[in-house]
Amino acid sequence: MAGANINHPRSWNGKALTGDWIVTLKVDGVRAIWHDEKGWMSRANKPLYNIPAWREGRPRDCEVFVNNFRDTIRATRTKAARADTPPIDSQDLYGLAPLDARLHWGTITNPTPTDIRTLLDRANELGYEGVVLRNGSDWVKVKPFETFDVCVLDSSEGTGKHRGRLGFVTTPRGAVGAGFTDSEREVLWAEANAGRLVGQVIEVTCMQLTDHGNFRHPVFIRMRPDKLIDTA
């Protein structure tokens with residue numbers, strides 16, 4: 001299965017949608033694509049580990065979710081499983097194509113913004129990240145706030161209490177300095193000094209984008225080692 005065949009949902013623009021839409025629940029996991037020669041790979045074409053091998057009749061395009069996002073990353077990115085590595089069972093794989101019945105949440109026709117926000121609120125109350133509305137190959141993801149995956153282009157040491165650890169990172173959409181915990185600043189500054197931070201992907205939210213597409217009041221959410229973004 002080639003990565004080019006994988007559907008990438010677009011973000012909802014806050015407007016009404018026309019037509020009949022399948023409503024699916026969105027889990028906060030890691031997208032896993034089965035390749036016959038390479039096994040399970042992320043959509044960034046990075047190898048994923050500890051996932052049960054694909055079997056005939058099972059989906060080749062899945063979302064892996066184990067307990068929470070942090071455990072899912074640990075489980076799928078640990079090459080040699082340790083005693084504290086969360087195990088991945090077949091039930092932790094949620095098929096996206098074909099769709100896992102556990103994610104199917106009915107259908108809706110010509111949904112208004114109020115209809116869509118109501119679906120989102122209900123999904124969030126149940127502990128899901130959001131919903132994805134499907135109309136054929138058109139998939140629309142709806143989350144409580146918009147996030148952006150951006151590549152780290154550079155980094156700078158902090159000042160004052162953050163001297164000796166990360167101050168901020170530079171991305172194609174501007175600098176991001178808020179949202180990092182003290183421990184994250186220390187770990188990421190060590191990564192920067194080792195030459196490993198540039199090129200990594202981070203997830204960021206912001207109040208809004210400027211007219212030029214840059215962040216306004218950005219806040220770091222988390223690292224996304226399961227993703228790869230062109231720095232160009």
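In which strand is His 104 found? His 104 is found in strand E7, and the views below, drawn from a predicted model, start there.

**View 1. Surroundings of His 104 in strand E7.**
His 104 is partly exposed, at a relative accessible area of 38%. Setting aside neighbours within four places in sequence, the residues in contact with His 104 are Ile 22, Val 23 and Leu 99. The side chain of His 104 also reaches the backbone nitrogen of Gly 106, at 3.1 Å. Across the strand pairing, Thr 24 stands opposite His 104. Ile 229 lies outside this close-up: its C-alpha is 30 Å from that of His 104, and the two residues are 125 apart in sequence.

**View 2. Strand E2 and its partners E7 and E8.**
Strand E2 covers residues 20-26, and five of these seven residues are buried, so the strand is largely enclosed by the rest of the structure. E2 is joined to strand E7 (residues 104-109) by four bridges, and these two strands run antiparallel. E2 also pairs with strand E8 (residues 130-135), over five bridges and again in the antiparallel sense. In the pairing with E8, Lys 26 faces Gly 130, which stands opposite.

**View 3. The open sheet E4-E3-E5-E6.**
Four strands make up this sheet, and their pairing is antiparallel. The edges are strand E4 (39-41) and strand E6 (93-97); each has a single partner strand, so one side of each is left without a neighbour in the sheet. From one strand to the next, the twist averages 35°. Within the sheet, strand E3 (residues 30-35) and strand E5 (residues 61-64) are paired over four bridges. One of the positions in this pairing has Ala 32 opposite Cys 62 in E5.

**View 4. Helix H1 across E3 and E5.**
Helix H1, residues 69-77, lies across these two strands and runs at about 30° to E3. Which residues of H1 are buried? They are Phe 69, Asp 71, Thr 72, Ile 73, Ala 75 and Thr 76. The buried residues of the helix pack against E3 and E5, and also against E17. At the start of H1, a side-chain oxygen of Asn 68 comes to within 3.2 Å of the backbone nitrogen of Arg 70.

**View 5. Arg 224, a buried arginine.**
Arg 224 is located in the segment after strand E17 (219-223). Its relative accessibility is 6%, so Arg 224 counts as buried. Leaving aside neighbours within four places in sequence, Arg 224 is in contact with Gly 29, Phe 69, Asp 149, Val 201, Ile 202 and Glu 203. Phe 69, one of these contacts, is also among the buried residues of helix H1.

**View 6. The largest nonpolar core.**
This core holds 18 residues, of which Trp 21, Leu 103, Ile 116, Leu 133 and Val 142 touch the most other members. At least two residues of the core come from each of E2, E6, helix H2 (113-125), E8 and strand E9 (138-142). H2 gives the most, with four residues. In soluble globular proteins, nonpolar side chains tend to be buried together. Leaving aside neighbours within four places in sequence, Leu 103 is in contact with Val 23, Thr 24, Leu 25, Val 27, Tyr 94, Gly 95 and Leu 96. Another core, of 16 residues, lies apart from the largest one; among its members are Leu 166, Trp 189, Leu 197 and Cys 206.

**View 7. Cys 151 and Cys 206, which are not bonded.**
How many disulfides are there? With a cut-off of 2.5 Å between cysteine sulfur atoms, the count comes to zero. The cysteine sulfur closest to that of Cys 151 belongs to Cys 206 and is 17 Å away, too far for a bond. Cys 206 is likewise in no disulfide, and the nearest cysteine sulfur to Cys 206 is that of Cys 151. Cys 151 is buried, with a relative accessible area of 1%. Cys 206 also counts as buried, at 16% relative accessibility.

Technical notes. Residues are numbered from 1 along each chain as its sequence is written. This is a predicted model: local features need pLDDT of at least 70, side-chain atom pairs count only at pLDDT 80 or more; totals for chains, interfaces and linings use all residues. Side-chain values use heavy atoms; hydrogens and water are left out. Two strands pair if DSSP finds at least two bridges between them. Axes are lines fitted to C-alpha atoms, for helices over the stretch in contact, and angles run from 0 to 180 degrees between N-to-C directions. Contact means heavy atoms within 4.5 Å. Buried means under 20% relative accessible area, exposed over 50%, partly exposed in between (1.4 Å probe, protein chains only). A nonpolar core is a set of buried Ala, Val, Leu, Ile, Met, Phe, Trp, Tyr and Cys residues joined through side-chain atoms within 4.5 Å. A polar contact is a pair of N or O atoms within 3.5 Å; within protein, one must be able to donate a hydrogen and the other to accept it, and residues adjacent in sequence count only if both atoms are side-chain atoms.
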